[in-house]
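Subject: A structure to look through

Dear colleague,

I am handing over a structure that I would like you to read alongside my notes. Please keep the sequence and the 3D view open while you go through what follows.

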Amino acid sequence: MSKSAHHSATLQVRQALWALQKEVLNSLKEQFDREVGYQAAPTEWFQVLMTAERYLWLRELTSLMADIDILTELEHVSEEDAGVARAEIEKLLINHVEEGFGKQYRDLLMSGVGLLPLHSQLKADLQHLPETKIEKHQTVHHRKNWQEAHRQQSRKKRN
């Protein structure tokens with residue numbers, strides 16, 4: 001697979017991930033609105049998301065989304081980086097664990113909201129990224145490298 005194919009496949013996964021995250025947030029907002037008995041304004045909902053302990057589990061998804069965004073903005077996406085992206089997404093969203101994010105996400109997925117088709121689309125798009133076996137400490141290192149490469153790339157563009 002060429003460099004551009006890895007980049008293209010990573011962009012496709014990014015789009016699927018964004019659609020999934022948007023539906024997660026919409027579903028949670030609908031639940032919140034039902035609980036409080038009115039439709040919360042966007043600013044109120046944002047404040048609740050940022051401060052309410054019950055939504056802390058979303059930070060893992062937000063962090064991953066930010067790193068995938070950075071990766072797709074790089075001029076070059078290597079096979080290894082694309083594989084790490086796949087491994088990180090699968091670890092968080094596909095290979096559900098029964099605690100933290102995994103439990104909350106699985107419960108939301110099974111609650112009948114419109115997440116299942118988007119989850120299936122993400123799984124299908126992930127098949128276009130290479131598989132890799134990598135340790136947790138190595139994925140953290142890769143994600144930090146993406147951020148550093150992005151900073152350097154941004155500096156070069158400014159100069």
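In this predicted model, helix α3 meets helix α7 through S63, L64, D67, I68, I70, L71 and E73 on the α3 side, and through R143, W146, Q147, H150 and Q153 on the α7 side. The axes of α3 and α7 lie 9 Å apart and make an angle of about 45°, and the two helices are therefore described as oblique to each other. If you look at how one passes the other, you will find that α3 crosses α7 in a left-handed sense.

Two of the residues in that list, D67 from α3 and R143 from α7, also belong to a network of salt bridges, in which D67, E88, K91 and R143 are linked. Within this network, the side chains of E88 and K91 meet in a salt bridge with an N to O distance of 2.7 Å. Both residues lie in helix α4, which covers residues 79–94, and because they are three residues apart there, about one helical turn separates them. E88 has a relative accessibility of 4% and so counts as buried, whereas K91, at 38%, counts as partly exposed.

The search of the whole structure finds ten salt bridges, and two others are worth following in the viewer. How are D69 and R14 joined? Their side chains meet in a salt bridge of 2.7 Å, again taken from N to O. D69 lies in helix α3 and R14 in helix α1 (residues 3–36), so this pair ties together parts that are 55 residues apart in sequence. D69 counts as buried, because its relative accessibility is 15%, while R14, with 23%, counts as partly exposed.

The other is the salt bridge between the side chains of E148 and R151, with an N to O distance of 3.0 Å. Here both partners sit in helix α7, which spans residues 136–158, and they are three residues apart, or about one turn of the helix. E148 is partly exposed at 29% relative accessibility, and R151 is partly exposed as well, at 40%.

Finally, please turn to the loop between α2 (42–51) and α3 (59–73), where R54 is placed and where Y55 is found too. Are these residues buried or exposed, or something in between? With a relative accessibility of 41%, R54 counts as partly exposed, whereas Y55, at 3%, counts as buried. The side chains of R54 and Y55 are joined by a polar contact of 3.3 Å.

Their surroundings can be described in the same careful way, leaving aside residues up to four places away in sequence: R54 touches F32 and E35, and Y55 is in contact with L28, F32, W45, V48 and L49. F32 therefore appears in both lists, as a contact of R54 and of Y55. As for distances along the chain and through space, the C-alpha atoms of Y55 and Q104 are separated by 9.4 Å although these residues are 49 places apart in the chain, and the C-alpha atoms of R54 and K144, which are 90 residues apart along the chain, are separated by 28 Å.

With best wishes

Conventions:
Residues are numbered from 1 along each chain as its sequence is written. This is a predicted model: local features need pLDDT of at least 70, side-chain atom pairs count only at pLDDT 80 or more; totals for chains, interfaces and linings use all residues. Side-chain values use heavy atoms; hydrogens and water are left out. Helices (H or I, at least four residues) and strands (E, at least two) are DSSP runs, numbered from the N terminus. Buried means under 20% relative accessible area, exposed over 50%, partly exposed in between (1.4 Å probe, protein chains only). Contact means heavy atoms within 4.5 Å. A polar contact is a pair of N or O atoms within 3.5 Å; within protein, one must be able to donate a hydrogen and the other to accept it, and residues adjacent in sequence count only if both atoms are side-chain atoms. A salt bridge is a side-chain nitrogen of Lys or Arg within 4 Å of a carboxyl oxygen of Asp or Glu. Axes are lines fitted to C-alpha atoms, for helices over the stretch in contact, and angles run from 0 to 180 degrees between N-to-C directions. Angles under 35 degrees count as roughly parallel, over 145 as roughly antiparallel, 65 to 115 as roughly perpendicular and the rest as oblique. A crossing is left-handed if the near helix is turned anticlockwise from the far one by less than a right angle, and right-handed if clockwise.
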